[in-house]
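I set out below, in order, what I looked up in this entry. I began with the chain as a whole and then turned to single residues.

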Amino acid sequence: MLASNAWLFTVRGPLPHEVTTRVLANDGNLLAQQQSRLEWTRVGGSEECGGPLTTQPITLQLSGRPQ
């Protein structure tokens, strides 16, 4: 189950090896930014036929906010 401050994304097409996560304030100011490498793991199907993949969660801590 996802926490109330968590998001789940679905990726189609070529899987990225790296993503940039940004958190913006209501006024558009950047609050936090982080580059993360992704390591994909097959969770169904087969290598020959494909199937769903997943990667470890990305955690981005905002300063002054408890996790």
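**Notebook: chain overview and three residues**

I first counted the secondary structure elements and found zero helices and four strands in the chain. The model is a predicted one. Reading from the N terminus, I noted the order of elements as β-β-β-β.

I then looked up the burial of the chain. Of its 67 residues, 6% are buried. I recorded an exposed area of about 6200 Å², of which carbon and sulfur atoms supply 51%.

For the contacts, I considered pairs of residues at least 6 apart in sequence. Of these contacts, 23% join residues at least 24 apart.

**Entry on Gln34**

I located Gln34 in strand E2, which spans residues 30-37. Is Gln34 buried, partly exposed or exposed? Its relative accessibility is 25%, so I entered Gln34 as partly exposed, given that the class lies between the 20% and 50% cut-offs.

I next listed the contacts of Gln34, setting aside neighbours within four places in sequence. Gln34 is in contact with Val19, Thr20 and Thr21, and also with Ile58, Thr59 and Leu60.

Thr59 received a closer check. Thr59 and Gln34 are 25 residues apart along the chain, and their C-alpha atoms are separated by 9.3 Å. Which atom of Thr59 lies 3.3 Å from a polar atom of the Gln34 side chain? I found that this is the backbone oxygen of Thr59.

**Entry on Ser36**

I placed Ser36 in strand E2, the strand that also holds Gln34. The relative accessible area of Ser36 is 10%, and therefore I entered Ser36 as buried, the cut-off being under 20%.

With which side chain does the side chain of Ser36 make a polar contact? I noted the side chain of Gln34 as the partner, at 3.1 Å.

Leaving out neighbours within four places in sequence, I listed His17, Glu18, Val19 and Ile58 as the contacts of Ser36. Val19 and Ile58 also appear in my list for Gln34.

**Entry on Gly45**

Where does Gly45 lie? I found Gly45 in the loop that runs between strand E3 (41-42) and strand E4 (53-54). Its relative accessible area is 67%, so I entered Gly45 as exposed, the class that begins over 50%.

Not counting residues up to four places away in sequence, I recorded that Gly45 touches Gly50, Gly51 and Pro52.

Conventions
Residues numbered from 1 in each chain as written. Predicted model: local features only at pLDDT ≥ 70, side-chain atom pairs only at ≥ 80, totals over all residues. Heavy atoms only, no water. Helix = DSSP H or I, 4+ residues; strand = E, 2+ residues; numbered from the N terminus. Buried < 20%, exposed > 50% of the residue type's maximum accessible area, 1.4 Å probe, protein only. Contact = heavy atoms within 4.5 Å. Polar contact = N/O pair within 3.5 Å; in protein donor to acceptor, adjacent residues only side chain to side chain. Areas by Shrake-Rupley, 256 points an atom, 1.4 Å probe, with all protein chains shown as cover.
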